[in-house]
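This briefing is meant to be read beside the sequence and the coordinates. It goes from the chain as a whole to particular side chains and their surroundings.

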Amino acid sequence: MNDNKKTQTIQLRIGQKTPESTKEWVNNQSNPNDAAKRILEHFIRLYGVGDIDSDEIQVKMAKDLLMAKGGLDLSPTNSVNTISNIKQQQNSNISEEKKDTSFEINTKSEPQQRQVVRRGEINV
């Protein structure tokens, strides 16, 4: 904040589209507002005050997530290709998600009927 005397408020809406894990986390907090503030302070210590959508912060967050899941080895012999390892892991995760949902698309093999439109009439 530029002016230390001014107070700013950030509100987070917890609604139907909010992931269940987030709702559960909020419900488990004795003081959700204070907990969210501490999470933000922790995030700033880890990643700085830059834009969360910047490539630099996105790569750091992806690397930390992969390390936490045991999918990234940062030993000196393997650290050269860290960014490419992260991108490969992200791409494989996306591919796996697409594989999981692709069977749901076009489950019917019926040919689509062509809609005929004549001047002055619309066939529905």
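What follows is an overview of the chain and then bullet points grouped by topic.

The model described here is a predicted one. Its secondary structure comes to four helices and two strands, and these elements follow the pattern α-α-α-α-β-β when read along the sequence. The chain has 124 residues, of which buried residues make up 9%.

**The chain as a whole**

- The chain exposes about 11800 Å² of accessible area, and carbon and sulfur atoms supply 49% of this area.
- Among contacts with a separation of 6 or more in the sequence, residues 24 or more positions apart account for 10%.

**A nonpolar patch on the surface**

- Six side chains, namely Ile 10, Leu 12, Ile 14, Leu 40, Ile 44 and Val 49, form a nonpolar patch on the surface, and together they have about 640 Å² of accessible area.
- One of these residues, Ile 10, is found in the segment before α1, the helix that spans residues 20-27.
- Ile 10 counts as exposed because its relative accessibility is 69%, where the cut-off for exposed is over 50%.

**Salt bridges within helices**

- Side chains of opposite charge can pair when their charged atoms come close, and in this model the count comes to three salt bridges.
- Lys 23 forms a salt bridge with Glu 20, with 3.4 Å between the closest N and O atoms; the two residues are three residues apart in helix α1, so about one helical turn separates them.
- Glu 20 has a relative accessibility of 56% and therefore counts as exposed.
- Asp 34 forms a salt bridge with Arg 38, and the closest N and O atoms of this pair are 3.4 Å apart; both residues lie in helix α2, which covers residues 32-47, at a spacing of four residues or about one turn of the helix.
- Asp 34 is classed as partly exposed because its relative accessible area is 32%.
- Lys 60 forms a salt bridge with Glu 56, again with the closest N and O atoms 3.4 Å apart, and this pair lies in helix α3 (residues 55-68), where the partners are four residues apart, about one turn of the helix.
- The two partners fall into separate exposure classes, since Lys 60 is partly exposed with a relative accessible area of 30%, whereas Glu 56 is exposed with a relative accessible area of 54%.

**Polar contacts around helix α1**

- Thr 18 has its place in the segment before α1, and a polar atom of the Thr 18 side chain lies 2.9 Å from the backbone nitrogen of Gly 15.
- With a relative accessible area of 12%, Thr 18 is buried, because the cut-off for buried is under 20%.
- When residues up to four places away in sequence are not counted, Thr 18 touches Arg 13 and Lys 23, and Lys 23 is also a partner in the salt bridge with Glu 20.
- Gln 29 is found in the loop between α1 and α2, and its side chain reaches the backbone oxygen of Trp 25 at 3.0 Å.
- Gln 29 is partly exposed, with a relative accessible area of 24%.

**Surroundings of Val 26**

- Val 26 lies in helix α1 and is partly exposed, with a relative accessible area of 22%.
- Leaving out residues up to four places away in sequence, Val 26 touches Ile 14 and Pro 32; of these two, Ile 14 is also one of the residues that form the nonpolar patch.
- Val 26 and Ala 36 are 10 residues apart along the chain, and their C-alpha atoms are separated by 8.9 Å.

**An aromatic pair in helix α2**

- A search of the whole structure finds one aromatic pair.
- This pair is formed by Phe 43 and Tyr 47 and is tilted, with 4.7 Å from centre to centre and 50° between the planes.
- Phe 43 and Tyr 47 both lie in helix α2, where they are four residues apart, about one turn of the helix.
- Tyr 47 is buried, with a relative accessible area of 12%.

Notes. Residues numbered from 1 in each chain as written. Predicted model: local features only at pLDDT ≥ 70, side-chain atom pairs only at ≥ 80, totals over all residues. Heavy atoms only, no water. Patch = residues over 30% accessible without salt bridge, like charges linked within 9 Å, V, L, I, M, F, W, Y side chains within 5 Å. Areas by Shrake-Rupley, 256 points an atom, 1.4 Å probe, with all protein chains shown as cover. Salt bridge = Lys/Arg side-chain N within 4 Å of Asp/Glu carboxyl O. Buried < 20%, exposed > 50% of the residue type's maximum accessible area, 1.4 Å probe, protein only. Polar contact = N/O pair within 3.5 Å; in protein donor to acceptor, adjacent residues only side chain to side chain. Contact = heavy atoms within 4.5 Å. Phe/Tyr/Trp six-rings, centres within 6.5 Å; stacked < 30°, edge-to-face > 60°.
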